[in-house]
Amino acid sequence: MNIKKIVLSCLMMVCCMASFAQEGKTEYVFNPHWYLQLQGGGQYTLGEAKFKDLISPNAQVAVGYQFDKIIGARLVVNGWQS
């Protein structure tokens, strides 16, 4: 009997949560915006030296502007040691 009450309670909570998701539609309004992107990591170069000698750090900085929902522009600078 206890298990039936627990299962029934869980099902009721799931149904209640699903009913909250049925809100009205919200309209998306696009706003042009700038963005900045920073990345870091490592790069491996093929060669005849030892593996650890061919790994070097890498960094990337990007700046962009989103003109429209579809059209944007981005300038990227990449590198550190090679």
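**Figure 1. How much of the chain is buried.** Of the 82 residues in this chain, buried ones make up just 10%. Keep in mind that this is a predicted model. The chain exposes about 7,700 Å², with carbon and sulfur atoms supplying 63% of that area. If you count contacts in the chain with a separation of 6 or more, 39% of them come from residues 24 or more positions apart.

**Figure 2. The whole chain, element by element.** Here we've got one helix and three strands, and reading along the sequence gives you the pattern α-β-β-β. As for confidence, the chain has a mean pLDDT of 81, and 83% of its residues reach 70 or more. Looking at the elements one by one, helix α1 (residues 2-20) has the lowest mean pLDDT, at 69, while β3 has the highest, at 93. So if you're picking a place to start looking, the two ends of that confidence range are α1 and β3.

**Figure 3. The three-stranded sheet.** The strands line up in the order β1-β2-β3, forming an open sheet with antiparallel pairing. β1 (33-44) and β3 (72-78) sit at the edges with a single partner strand each, which means that one side of each has no neighbour in the sheet. From one strand to the next, the twist averages 20 degrees.

**Figure 4. Zooming in on the β1 and β2 pairing.** Strand β2 covers residues 55-66, and it pairs with β1 in the antiparallel sense over twelve bridges. To get your bearings, find H33: it stands opposite Q66 in β2.

**Figure 5. Q60 and its contacts.** Q60 is found in strand β2. Its relative accessibility is 19%, and because the cut-off for buried is under 20%, Q60 counts as buried. Skip the neighbours within four places in sequence, and what does Q60 have in contact with it? The list runs Q37, L38 and Q39, then V76, V77 and N78. Going by the residue ranges, Q37, L38 and Q39 fall within β1 (33-44). V76, V77 and N78 fall within β3 (72-78).

**Figure 6. W34 and Y65, a tilted aromatic pair.** The count of aromatic pairs comes to two. In this view, W34 and Y65 sit 4.9 Å centre to centre with 55 degrees between the planes, a tilted arrangement. The pair links distant parts of the chain, with W34 in strand β1 and Y65 in strand β2, 31 residues apart. Are these two residues buried or exposed? W34 is exposed, at a relative accessible area of 64%, whereas Y65 counts as partly exposed at 22%.

**Figure 7. Y65 and F67, and the aromatic cluster.** Stay on Y65 and bring F67 into the frame: the ring centres are 4.9 Å apart and the planes are at 70 degrees, so this pair is edge-to-face. F67 counts as partly exposed, with a relative accessibility of 46%. Put the views together and W34, Y65 and F67 form one aromatic cluster.

Definitions and conventions
Residues numbered from 1 in each chain as written. Predicted model: local features only at pLDDT ≥ 70, side-chain atom pairs only at ≥ 80, totals over all residues. Heavy atoms only, no water. Pairing = 2+ DSSP bridges. Helix = DSSP H or I, 4+ residues; strand = E, 2+ residues; numbered from the N terminus. Axes fitted to C-alpha atoms, helices over the stretch in contact; angles between N-to-C directions. Buried < 20%, exposed > 50% of the residue type's maximum accessible area, 1.4 Å probe, protein only. Contact = heavy atoms within 4.5 Å. Areas by Shrake-Rupley, 256 points an atom, 1.4 Å probe, with all protein chains shown as cover. pLDDT = per-residue confidence, 0-100. Phe/Tyr/Trp six-rings, centres within 6.5 Å; stacked < 30°, edge-to-face > 60°.
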